[in-house]
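Got your viewer open and the selection box ready? Here's a short walk through the model, one stop at a time.

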Amino acid sequence: MDCALCGAETIEFSVVNKRAYHHCSNCKGISLHPLYFLSSDLERKRYETHNNDVTDSGYQNFVSPIVNAILGEYHKNDKGLDFGSGSGPVITEMLREKGYSIDTYDPFFDPNSSVLQTTYDYIACCEVMEHFYHPYKEFKLLYLLLNNNGSLYCKTNLYDESFEFDSWWYKNDPTHVFFYTKETLVWIKNHFQFKEVIISKKLIIFRK
């Protein structure tokens with residue numbers, strides 16, 4: 001099985017609950033074998049169980065690292081995109097309340113492909129990249145959607161070899177199919193020629 005991100009050959013890494021995960025020695029990403037991907041209908045049903053209430057203070061607090069970063073670095077007249085906005089686009093709502101101009105896109109809940117025909121000063125991608133069946137294709141698209149000097153704000157849980165993958169809670173969601181390490185993010189930065197990647201516990205920023 002080749003890595004869905006960098007194309008290098010992978011090796012079987014772990015089998016948990018009869019689901020096989022593969023590790024890439026090149027980009028250090030960990031991927032669920034495609035045999036265990038959910039169907040489109042089952043994937044949508046899983047997302048519909050999420051309680052994405054845009055007025056929920058806990059939900060707002062969860063996305064606040066991205067929202068606060070955008071508020072601190074961009075202005076109301078800059079153009080943004082909430083990529084993978086889901087059934088409750090809380091980032092979009094919080095920014096629009098501040099007078100910001102931001103579009104939404106989600107393959108299940110807002111599949112408006114016209115917003116993918118322009119470019120943006122900033123893109124929010126919150127708890128989305130772990131769902132990418134084709135991460136190379138998706139990151140290439142995100143890079144092309146960004147204006148020069150633009151920023152891609154991501155939020156996901158990174159895997160670290162200091163803890164045990166088999167007991168890692170983040171992999172248990174059946175819609176989580178690709179997991180990133182810090183090395184994986186550096187590979188993305190270098191391959192797609194982002195100027196830099198900033199990695200913190202609650203936020204990942206790619207600068208174009």
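Select α1 (40-48), α2 (57-73), β4 (79-83), α3 (90-97) and α4 (135-145): each of these supplies at least two residues to the lining of the largest pocket. One thing to keep in mind as you click around: this is a predicted model. The space in that largest pocket comes to about 1000 Å³. Which residues should you pick to land at its centre? Among the 43 that line the largest pocket, Y47, C126, E127, V128 and H131 are the closest to the centre. Colour the lining by class and you get 21 nonpolar, 13 polar and nine charged residues.

Stay on E127 for a moment. Beyond its place close to the centre of the largest pocket, E127 belongs to the loop between β6 (120-126) and α4. Check the backbone there: phi of E127 is positive, near 55°, and the residue isn't a glycine. Is E127 buried or exposed? With a relative accessibility of 18%, E127 counts as buried, since the cut-off for that class is under 20%.

Next, the second largest pocket, with a volume of about 300 Å³. To centre the view, select K155, T156, N157, K201 and K202, which lie nearest the middle among its 15 lining residues. Both α2 and β7 (146-155) supply at least two residues of this lining, and α2 gives the most, with four. By class, the lining of the second largest pocket splits into seven nonpolar, five polar and three charged residues.

Now switch to cartoon and find the open sheet. Its four strands run in the order β1-β2-β3-β8, with antiparallel pairing. β1 and β8 (178-179) are the edge strands, and each has a single partner, so one side of each has no neighbour in the sheet.

Zoom in on β2 (residues 19-24). Why can it be called largely enclosed by the rest of the structure? Because six of its six residues are buried. Flip the strand over and you'll find cover on both faces: R19, Y21 and H23 are buried on one side, and A20, H22 and C24 are buried on the other.

Look at the partners of β2 one by one. Strand β1 (residues 10-16) pairs with β2 through six bridges, in the antiparallel sense. Pick V16 and you'll see R19 of β2 opposite. The hairpin of β1 and β2 leaves two residues between the strands, and N17 there has a positive phi near 55°. Turning to the other partner, three bridges link β2 with strand β3 (residues 30-32), again running antiparallel. Here H22 has S31 as its bridge partner in β3. The hairpin of β2 and β3 has five residues between the strands, and in its turn K28 shows a positive phi of about 70°.

Y21 is also your way into the rings. Select F13, Y21, Y159, F163, F165, W168, W169, Y170 and F179 together: these form one aromatic cluster. The structure has 28 aromatic pairs in total. One of them is F163 with W168, a tilted pair at 5.6 Å centre to centre and 45° between the planes. How do F163 and W168 sit relative to the surface? F163, at 30% relative accessibility, counts as partly exposed, whereas W168 is buried, with a relative accessible area of 7%.

While you have rings on display, add two lysines. K79 lies over the face of Y120, 5.3 Å from the ring centre. K208 has its charged end over the ring of Y143, at 4.2 Å from the centre.

For the last stretch, go to helix α5 (residues 182-191), where you'll find K182. K182 is exposed, with a relative accessible area of 52%. Draw a distance from its C-alpha to that of I102: the two residues are 80 apart along the chain, and the atoms are separated by 29 Å.

Finish at Q193, in the loop between α5 and β9 (196-199). Q193 isn't a glycine, yet its phi is positive, at about 65°. Buried or exposed, how does Q193 count? At 60% relative accessibility, Q193 counts as exposed.

Notes: Residues are numbered from 1 along each chain as its sequence is written. This is a predicted model: local features need pLDDT of at least 70, side-chain atom pairs count only at pLDDT 80 or more; totals for chains, interfaces and linings use all residues. Side-chain values use heavy atoms; hydrogens and water are left out. Buried means under 20% relative accessible area, exposed over 50%, partly exposed in between (1.4 Å probe, protein chains only). Two strands pair if DSSP finds at least two bridges between them. On a 1 Å grid over the protein atoms alone, a cavity is a set of points where a 1.4 Å probe fits but cannot get out, and a pocket is an open set with protein on both sides within 12 Å along at least five of seven lines; lining residues have an atom within 4 Å of a point. Grid points are joined across faces, edges and corners, and a volume is the space filled by probe spheres set on the points. Ala, Val, Leu, Ile, Met, Phe, Trp, Tyr, Cys and Pro count as nonpolar, Asp, Glu, Lys and Arg as charged, and the others, Gly among them, as polar. Rings of Phe, Tyr and Trp (its six-membered ring) pair if their centres lie within 6.5 Å; planes under 30 degrees apart count as stacked, over 60 as edge-to-face and the rest as tilted. A charge sits over a ring if NZ of Lys or CZ of Arg is within 6 Å of the ring centre and within 35 degrees of the ring normal.
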